[in-house]
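Work through the following exercises with the sequence and the model side by side, and try each task before reading its solution.

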Amino acid sequence: MAAAVRLLPAVTLALLYCFPAAMSSRRDVLELGDADFDYLATEHETMLVKFYAPWCGHCKKLAPEFEKAATRLKGTVQLAKVDCTAHLETCGRFGVSGYPTLKIFRTGRDSGPYDGPRTADGIYHYMKKQTGPDSVHLKTEENLQTFINHYDASIVGVFSGADSAHLLEFLKAAGLLREQFRFAHITDLKLGAEYGLDSEGVLLFRPPRLANKFEESVVVFTDYLTIGSLRRFIRDHIYGLCPHMTLENRDRLRVRDLLTAYYDLDYQHNPRGSNYWRNRVMKAASKYTGRGLTFSVANKKDFLSELEDDFGLDTSDGGELPFVTIRTKLGHKYTMREEFTRDGQSLERFLDDYFARQLKRYIKSEPIPERNTAAVKVVVAESFDDIVNDPERDVLIQFYSPSCPHCKKLEPVYRELADTLNSDPNIVIAKMNVVDNDVPLGYDVQGYPTIYFAPVGKKDEPIRYEGGRELKDFLKFLKHEASHSLVFSGSKDEL
């Protein structure tokens, strides 16, 4: 015993010598390398690894958020990092081709990419969902009731035994979808019989707080089980007739045309009041099923800026009555201007007008300028079709933000370009303030400035400008893409 104690420091020193990154284990973020990656990764049930390069700007921006998340997740999920400029073998082994690359590992094995938020709070919440098994094994009816009595929906697989081939496929699906949904499985068919399942299959339990008289709270899946078929089943049934839209699930709900009623929804403190307005929305929804419109409710406090900025609604004096909007998958927006009545009749009138195509789309737009005589033409949302989609002229349009320093730097060059081509009757150099105007479909504006070219005959296929920001760069691009020969101002010569 004494000999073992005397040997301990030597063993510890040997480990630190062989695996120098282990010295950083006192830190919240482990530093891993070629020599110790596998050894240390297998010690952690769940680990998030950041593959980075010290010179990478995005990596530097992520670093403090990653450190904060690591501190909050300490003892639950281990966060680690690998410098790919120093450890080429490890980064090459995991197919790292850009920085930063984040991957989730389970007991040392790469289980998939991390595609969640890159803020400390976002990383924390995303990785908290990655802890524990992909699917919880429920052994008793009590276990089942505890699992499904949850704020979120539950997907429970029912199988004949632990050696079921369908169980293996279910577990694979759970591993892929666990960050979005809650999974559990049963290996006793008797526990599924109460819910009308007398053979192997899957039960989808909607959240108890959303129980209602318009639909079943449990949906049964008995088709042939594959990852694809289970994914489709969950997608088609998880939300039901009228889900609760949150900041976390809104992107998944908005892949379809979606009506949303916003009000003081709070299922934690006022579930009865929250369902009062939801039931009225559901009554209308049940009359319009199968017509391509989905329905949801949301807490208006979570979406105030969106209601005001995207839909032009004044939420300050809304009272307890819901605001109702429709946002289609193509980005078209409509608002219900009539006050929401408690009998639901105003909502049904709004829906009748929507399906009859009698509603006017809401477009956020500055006023159309009374005079627009400068070389760079000002475009607003209301004038976009008239100017940019003019079938007779090519248009180069810059989408900008008034506060963007890059836009301000570009301004004199862009104005010089417009002056240079001001005499050309076949081309327009234009700009649009994205902060105060809706961006039309077909234009992907994620940063500023973003520049597109809309050529004659191909207005529905605008070309994103990716070239340099000097006058000669723009002229070279336009000379190649324009539908005609360019004409310089002050010269009658065509170029």
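Domain bounds, as used here, come from an automatic or database domain assignment. The structure is a predicted model.

**Exercise 1. Determine which domains the assignment gives, and how far apart the centres of domain 3 and domain 4 lie.**

Solution. Begin with the bounds: the assignment gives domain 1 (29-130), domain 2 (136-238), domain 3 (244-356) and domain 4 (377-481). Then take the centres over C-alpha atoms, which for domain 3 and domain 4 are separated by 35 Å.

**Exercise 2. Describe the largest nonpolar core and trace where its residues come from.**

Solution. First, count the residues: the largest nonpolar core has 30, and those with the most contacts inside it are Ile155, Phe183 and Ile234. Next, assign them to elements, whereby α7 (165-177), β9 (201-205), β10 (218-221), α9 (227-237) and β12 (258-263) each give two or more residues to this core, with the largest share, 5 residues, coming from α7. At the level of domains, the core draws at least three residues from each of domain 2 (136-238) and domain 3 (244-356). Finally, examine Phe183, whose contacts, leaving aside neighbours within four places in sequence, include Phe147, Ile155, Phe170, Leu177, Leu230 and Ile234. A second, separate core of 28 residues includes Ala285, Leu293, Phe295 and Phe340.

**Exercise 3. Which residues of α9 are buried, and why do they line one face of the helix?**

Solution. Taking buried to mean under 20% relative accessible area, one finds Ser229, Leu230, Phe233 and Ile234 buried in α9. Looking down the axis of α9, these buried residues fall within an arc of 135 degrees, so they line one face of the helix. As general background, an α-helix has 3.6 residues a turn, so residues three or four places apart point the same way. The last step is to ask what covers the buried residues of α9, and the cover includes β7 (154-158), α7, β8 (182-186), β9 and β10.

**Exercise 4. Establish the strand order of the open sheet formed by 5 strands, and place the helices that pack on it.**

Solution. The strands follow the order β11-β13-β12-β14-β15, with mixed pairing, and the edges are β11 (244-245) and β15 (333-335), each of which pairs on one side only. Within the sheet, β12 and β13 (residues 294-299) run parallel and are joined by 6 bridges, and Thr260 stands opposite Ser296 in β13. Turning to the helices, α11 (residues 271-287) lies across β12 and β13, running at about 155 degrees to β12. Helix α13 (residues 345-355) packs on the sheet and touches β12, β13, β14 (323-327) and β15, its direction making about 20 degrees with that of β14.

Notes: Residues numbered from 1 in each chain as written. Predicted model: local features only at pLDDT ≥ 70, side-chain atom pairs only at ≥ 80, totals over all residues. Heavy atoms only, no water. Core = buried A, V, L, I, M, F, W, Y, C linked by side-chain atoms within 4.5 Å. Buried < 20%, exposed > 50% of the residue type's maximum accessible area, 1.4 Å probe, protein only. Helix = DSSP H or I, 4+ residues; strand = E, 2+ residues; numbered from the N terminus. Contact = heavy atoms within 4.5 Å. Arc of directions from axis to C-beta. Pairing = 2+ DSSP bridges. Axes fitted to C-alpha atoms, helices over the stretch in contact; angles between N-to-C directions.
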